[in-house]
Every structure is written in C-alpha cells, then in structure tokens.
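Visitor: I have a new structure to read and no idea where to begin. Can you walk me through it?
Guide: Gladly. Open it, and we will take the features in turn.

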Number of protein chains: 2
Amino acid sequence: MTLKLDKVNRGPHLSTLVASSISREIAQGRLRPGDQLPTEQQLAQTFGVSRNVVREAIARLRSEGRIWSQQGRGAFVADEPNATVLTIDFDALQQATAFQSLFELRGILEVQAAALAAKRRTDDDLLAMKEALATMRNAPYGSVMWLKTDLEFHKTVAAATGNAYMVQFLMFVSERVRESILASGNQQRSEDLAAVTLGEHQRILDSIEAKNAEEAQEAMRAHLHGAASRVGLAEEQSE
Amino acid sequence: MTLKLDKVNRGPHLSTLVASSISREIAQGRLRPGDQLPTEQQLAQTFGVSRNVVREAIARLRSEGRIWSQQGRGAFVADEPNATVLTIDFDALQQATAFQSLFELRGILEVQAAALAAKRRTDDDLLAMKEALATMRNAPYGSVMWLKTDLEFHKTVAAATGNAYMVQFLMFVSERVRESILASGNQQRSEDLAAVTLGEHQRILDSIEAKNAEEAQEAMRAHLHGAASRVGLAEEQSE
DNA sequence: GAAACCGATGTTGTATGATAACCATGTAAG
DNA sequence: CTTACATGGTTATCATACAACATCGGTTTC
C-alpha cells in the first residue's frame, strides 16, 4: 500500500483509483491469495479518502471476484479469481503475443459461428446481414462508420447462430481486438482493400444464404486470414 | 422500479441486490440506452436502503460499463454496453435454452482447444495433464474434489494451447456451467460414470500426447457429448 | 434585442459519525 | 475440560452534512 492520491483529482472517481490500486497490489503479488486486506479504516487512511470510497472500491473488487469479505472478519484476496465477470487488461494487449492470442480466440469463435449460422439462419437473420453489408458498402473505407458496420455484420452472423452468448462473447472479444488495432494505428488504408474486404464478406454471406456450413467456415477463415495480414499479423498455419 | 427488498435479508449484500435489480431493468428494456436513472435518493427510497448502498450498486454498474454518470447531472444507461468486462447473469442461466447455449459455447472452445493443444503441447503441459488426471482418479466421483480436479484437467488442456485467453475464457464459461449444474442438482451419481468419464479423459490425454489433433478434437467432442447426456441435455447434431 | 452575469435548485461526489451484526479471543463459572 | 459470557475488532448499513457541478430562470448590461 504505497499509492498516495492527490487531493486535486478531477478524473475518474476516487473509488476507481482505489480499486485499481488494490487490484495492482494483487496482480503484482504484493497481496497474495488468502491474504487479508487492511481494514477499511486503514485503507481509508492510507489512501486519504473516506471509508465510504473504500467501500465502493471493495464492492467493485468483490463483484469482480478478486476478493471476498465476511462481516466481522475482514476482506481477503480470493484464492482463485473465481470471477463472475471477465476482464481483459488493455495494456497487456499491447504486447504482440497477447494480441495474437486474442486474435486467435476470436478466429475460433468466428469460424464456428459462421458454420452454425449457415445451419440455423432464418430469413430474418439473412436480411439483417444483407442490410449490414449494404451499409458497409456506402461507408468510406477505414472510417469510423466503416469499422462500426463491419462489426455489425459480424454481429449479425453471430446472431444467426441463435446463441445469445456467442454474440456476447464474440462482440466482447472483437471490441477488444478492434480497440487494440486502433491504438496501435497499424491498419493500412487503401481503396483496393475495401473491395477485397467486401468481397470476403459477400462470400460469407452467400455461403450462409446457401446454408453451406463448410463453405461458410472456409470463407470466414479466409476473411480472418486476410484481416490478419492487413493488420500485420504473421498468421500461423491452422488446421 | 418495482422491487421491494425485505428488511430481513441475510444473504448477499444489499448493494448486490440493488445492482442486479437495476441490471434487470436494463436487460428487460424497461430502462433504455440513454435513459436517465432515478436519482440516488429516489432509488434509495424505492429500494428501502440508504443512499450509501445505492452508490455501491451504482459504482458496480459503472465499472461494468452498463451505466455512466456525471456529477451534477445524473446517471444514464450506456448507449452501447461497450463493457470492458463481461458478465453472465446467473438467474438467466436457469432457463434451459440459455444453459444450452452456454454449454454449446463451451463445447466449441473445448474442442478447438483440444486440437490446438495436440499441436502445441510441451512435455511440461503433458505432465500437468497427467498429474491432474491422476488426482481425479483418487477422488470420489461427484465429490467437490472430483469436480475441482475435473476442471483442473480441462484447464491444463486449455493451457497447452499456449493461449492465455483461451484459458481465461474457457475457465470462465466452465465455471458458470458448473455452477448452474450444481444449482439445478441435475447430475447423476453412479460409480460406473466415474470410470466412463475417466476413460474419456484418458483418450483426450492420449491423443494430445500423440499430437493427433483430429483425434483429440473427436475425443473432446465425445467427452462433452457424454457430459451433456449425463446432465440431461438433449444434444443437437453438430457438424 | 442579445449576450453576459448571477443566484436558486437539484444532483452527484465525498466526508464523518453512529449503530447493528458478526467474528475471534480470552476469561470466569460450572 | 467444557460452557457461558464479556470484550474488542471488523464489516454492513444508516443518516447527515458539505463540496463540486449542472441546469435553468431572471436580471443586468451593452
């Protein structure tokens, strides 16, 4: 417990700072699983905030499964982060291997989702996909609108699986991937790429329309392979 | 805002109940993106708790990205749950279709993880898997220890992919699935099943040891198929 | 008339103190 | 040795107060 907070802090809430500070102590191993946290009063004094703020931070960490607390005893670092919430550290994603791992995970989900979508899609699903693709055609390549509709298209594919969690997970992972790409500023910009990307999407759409799971899977794989190289990822042979 | 909380509530924290209650209002569309939440005072009055408890709930929802708040104005439902955290509502999982969806998602990840593990596993990975399997043999079927080592085995498989996010996601999903199964009390108990399950695990281990991705994939699929029927899930033809 | 100023009011952010419920521990009574 | 009780420490909750900020209306000023 070393961090001291300035009195003048017009940024995130104090509880957020306290929470991430404690979180860091845990991540860095200065607070080990099973360890008892300082009492709320001590924490309040250490950080120079009210006990109320500390409690908000504690509540947050508890909801994230990082700690657990018992009335009359204290708060303890959770043995295993049996989290009821899943988080991804943005900073860690800046490292190439981490990014590649997340990209791979997304790929697995996307490819399987495409196959399932081809089997289960309804006409409404198809309509939504076509609509998203049409919107993307009218957006300038690389623009915010373009990126948004790109994600939207993939979302409609995921939705066509009829699996709500597929949508939730895929969007979660994709968002993180997209953020990381934007942050690194690694995307190339070219008019040609727009046509290429749209063509890949069209192929996915067609195969799902034809209810051809094998083809949809392969089309999605090809699309992701293209996306990877566009971002400068040396992709590994898969399957 | 309808829920009234009993004064006598010796369960989860009040802030947890308030948070999930508001969360439900959002999920059910009674609070739409952009809508302003009632003031903290109103919420406190509605739920019959102090403003302090409401603030802890708000802090939690804010950290989950579901709402945002500005000093002097109020709290608002986030336009897009651009959450930096991913959560799964436990209550919703009680419904059969939701559970089935999550089970399917887990299956996708497990199967692909098994294939990747077969390709990339190191000798250390293999050792960890064997160790986990050995521990499971010594645990009584259906016991807490058994369930724990079962999860541990699957974790070692996921770890053998070398993809940290695969581990994180798979464990997250598996935990939720396991919780839901335990809550429903739907698992059968029989000595025979122990041998069957162990056999399935052994087959997975063997194929990964042989670096046979196809076989590992198939073994994992079979294992999950067995697990599904053991839990009473009518599984759908996949692939 | 338009723009700038000003104050009243409502809301969130934070601090402080108090009380109830609960746990752990030690100590005295049986 | 066991039980009962007293005590101190900790979390959970409540209540109140104040600071910081936003909004809105009226007033002044140009």
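Visitor: Which side-chain atom of A:Q71 lies 2.9 Å from DNA strand C, and what does that atom face?
Guide: Look for polar atoms on both sides. A polar side-chain atom of A:Q71 lies 2.9 Å from a base nitrogen of DNA strand C. Keep in mind that this is a predicted model.

Visitor: What does A:N52 face on DNA strand C?
Guide: A base oxygen of DNA strand C, 3.3 Å from a polar side-chain atom of A:N52.

Visitor: And what lies 2.9 Å from the side chain of B:R55?
Guide: Here the partner is the backbone of the DNA. A phosphate oxygen of DNA strand C is 2.9 Å from an N or O atom in the B:R55 side chain.

Visitor: How many residues surround DNA strand C?
Guide: Count the neighbours, then pick out the closest. DNA strand C has 24 residues around it. The closest are A:H13, A:S50, A:R73, B:R51 and B:R55.

Visitor: What share of the atoms of DNA strand C within 4 Å of the protein belongs to sugar or phosphate?
Guide: Sort those atoms by type. Sugar or phosphate holds 67% of them, and bases hold the rest.

Visitor: Which elements each supply at least two residues of the surface near DNA strand C?
Guide: Go from residues to elements. From chain A comes α3 (51–63). From chain B come α3 (51–63) and β1 (67–70).

Visitor: How do the residues of that surface near DNA strand C divide?
Guide: Split them by character. There are 3 nonpolar, 13 polar and 8 charged residues.

Visitor: Now the other strand. Which residues come nearest to DNA strand D?
Guide: Read it the way we read the strand before. Of the 24 residues around DNA strand D, the nearest are A:R51, A:R55, B:H13, B:S50 and B:R73. Sugar and phosphate make up 65% of the DNA strand D atoms that come within 4 Å of the protein.

Visitor: Which atoms of DNA strand D do A:R51 and A:G72 face?
Guide: Check whether side chain or backbone is involved. An N or O atom in the side chain of A:R51 is 2.9 Å from a base nitrogen of DNA strand D. For A:G72, a polar backbone atom is 3.2 Å from a base nitrogen of DNA strand D.

Visitor: What does B:Q70 face on DNA strand D?
Guide: A phosphate oxygen of DNA strand D, 3.5 Å from a polar side-chain atom of B:Q70.

Visitor: Which elements each supply at least two residues of the surface near DNA strand D?
Guide: From chain A, they are α3 and β1 (67–70). From chain B, α3 does so.

Visitor: A:G72 came up a moment ago. What phi does A:G72 take in its hairpin?
Guide: Start with the strands of a hairpin, then look at the turn. β1(A) and β2 (residues 74–77) of chain A run antiparallel, joined by 4 bridges. A:Q70 stands opposite A:G74 in β2(A). Between the strands are 3 residues, and A:G72 takes a positive phi near 90°.

Visitor: What does the hairpin of β1(B) and β2(B) look like?
Guide: Trace it in the second chain. 4 bridges join the antiparallel strands β1(B) and β2 (residues 74–77) of chain B. B:Q70 has B:G74 as its bridge partner. The hairpin has 3 residues between its strands, with B:G72 at a positive phi near 90°.

Visitor: How many residues does each chain bring to the contact between chain A and chain B?
Guide: Count each side, then look at area. Chain A gives 48 residues and chain B gives 48 residues. About 4200 Å² is buried between them, with 51% from carbon and sulfur atoms. A:L86, A:Y165 and A:F169 supply 17% of the area that chain A buries against chain B, more than any other three residues.

Visitor: How many salt bridges are there between chain A and chain B?
Guide: Look for opposite charges facing each other. The count is 4. In one salt bridge, A:R55 meets B:E56 at 3.0 Å, N to O. On the side of chain A that touches chain B, α3, β3 (85–87), α4 (96–120), α7 (164–184) and α9 (213–231) give two or more residues each. The largest share, 11 residues, comes from α4(A).

Visitor: How does β3(A) run against β3 of chain B?
Guide: Antiparallel, with 3 bridges joining the two strands. A:L86 has B:L86 as its bridge partner.

Methods: Residues numbered from 1 in each chain as written. Chains lettered and ligands numbered in written order. Predicted model: local features only at pLDDT ≥ 70, side-chain atom pairs only at ≥ 80, totals over all residues. Heavy atoms only, no water. Near = heavy atom within 4 Å. Polar contact = N/O pair within 3.5 Å; in protein donor to acceptor, adjacent residues only side chain to side chain. Nonpolar A, V, L, I, M, F, W, Y, C, P; charged D, E, K, R; others polar. Contact = heavy atoms within 4.5 Å. Buried area = accessible area lost by both parts, 1.4 Å probe. Salt bridge = Lys/Arg side-chain N within 4 Å of Asp/Glu carboxyl O. Pairing = 2+ DSSP bridges.
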